[in-house]
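Let's take a look inside a protein and see how its interior is packed and where gaps are left. Here is the structure to keep beside you as you read.

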Amino acid sequence: MTNRIDTSNHLPNVMVVACHQFSPFHISVPCLVFGSEMLKETLFNVTIVAAESGPIVSKEGLQIHAPSTLTQLASADIVIVPYWRSPDERPSQTLLDALQQAYQNGSTIVGLCLGAYVLGYAGLLDGKRASTHWGLEQDFMQRFPNVTMDTNAMYVNDDRLITSAGVAAGMDCCLHIFRNVYGAERANTVARRMVMQPHREGGQAQFIERPIATSNDHRINQLLDFLRQDLRQHHSLDELADQVAMTRRTFTRKFHQATGQSLGQWLLAEKLHHAQTLLEGSNLSIERIAADVGFQSTSSFREKFKQQFHVSPSAWRNTFKI
């Protein structure tokens, strides 16, 4: 973490920003990681800060008593925005100004999950790298074109501005902050007591939903089904174009329209997806799976799988096996 927090003179002040319609899970994550329950000692001063007037109530009806207001962010070492209720809603200028001032004062500013939108609206992420939930990455990039979105990272730390991917990645992010302040040994102890990994291998790519491509052209749809039946077979563009009675050029264009990918890209994605299914639901060896989904060698399969999902096939099986 840039400008590491000095703990020799005081305990770091962590201020968690609470807004109307807050997510109980998201707001509890920093309170749990930085609170005293896990280590039975106080290592951070954690304060809930009300970002808006009136009772702060979640969508489920839970109410938070927030003793502090935005003016107190000026004394924070770490400010955490754990959530935001809607990407379409610009936060109040009072909140945005308070975050900007805290950052200018030297605070580390953290946006967990949709909290990254608040940092984006504040202009803090302009020219920086950031992360948010994979399902909203395209929306985020359109709203904040001056931000470089890391579409795989669990969390991104760029010059005292830290953003995380969705939901559980907030725990990874908070443990990262803890680790940078107090070191790996204490952070690992907290992780073990939370019954989670101190550091998860891989990024968001392993969790992204995979849409099934369809086309208005029944010939393309039938071809996709045909190709999925045996991914071990090699097919040339000319052969497949003849099969659907199209020229090579027309077939290439229509295939891309239907899938958003070239034939080679689509076949690779299908092979890797089928491999995921076999890793999760069978006891077949990695070598057998590589052959069954059409890879010429196990090493090639491992390489392509790691490139796509940022974890090895074995790590995938250990995480997701049914």
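Start with Phe44 in this predicted model: leaving aside residues up to four places away in sequence, Phe44 touches Pro12, Val14, Phe34, Ile78, Phe178, Val181 and Tyr182. From there, we can look at the cores and then at the empty spaces.

**Nonpolar cores**
- Phe44 is among the residues with the most contacts inside the largest nonpolar core, along with Val33, Phe34, Ile64, Ile78, Val110 and Phe178.
- That core has 40 residues, and β1 (13-18), α1 (24-34), β2 (45-50), β6 (78-81), α5 (169-182) and α6 (184-193) each chip in at least two of them.
- Helix α5 gives the most to this core, with nine residues.
- There's also a second, separate core of 34 residues, including Val17, Val49, Tyr121 and Ala130.

**Cavities**
- How many cavities of 30 Å³ or more does a search of the whole structure find? It turns up two.
- The largest cavity has a volume of about 70 Å³, and its lining includes Val17, His20, Phe22, Trp84 and Arg85.
- That lining is made up of eight nonpolar, three polar and one charged residues.
- The second largest cavity holds about 40 Å³, and Phe44 shows up again in its lining, as do Val33, Phe34 and Phe178.

**The second largest pocket**
- This pocket has about 210 Å³ of space.
- Its lining counts 13 residues, with Gln233, His234, His235, Leu267 and Lys271 nearest the centre.
- Helix α10 (residues 263-281) gives the most to that lining, with four residues.
- By class, the lining splits into four nonpolar, six polar and three charged residues.

How values were computed. Residues numbered from 1 in each chain as written. Predicted model: local features only at pLDDT ≥ 70, side-chain atom pairs only at ≥ 80, totals over all residues. Heavy atoms only, no water. Core = buried A, V, L, I, M, F, W, Y, C linked by side-chain atoms within 4.5 Å. Buried < 20%, exposed > 50% of the residue type's maximum accessible area, 1.4 Å probe, protein only. Helix = DSSP H or I, 4+ residues; strand = E, 2+ residues; numbered from the N terminus. Contact = heavy atoms within 4.5 Å. 1 Å grid on protein atoms, 1.4 Å probe; cavity = no way out; pocket = protein on both sides within 12 Å on 5 of 7 lines; lining within 4 Å. Points joined across faces, edges and corners; volume = space filled by probe spheres on them. Nonpolar A, V, L, I, M, F, W, Y, C, P; charged D, E, K, R; others polar.
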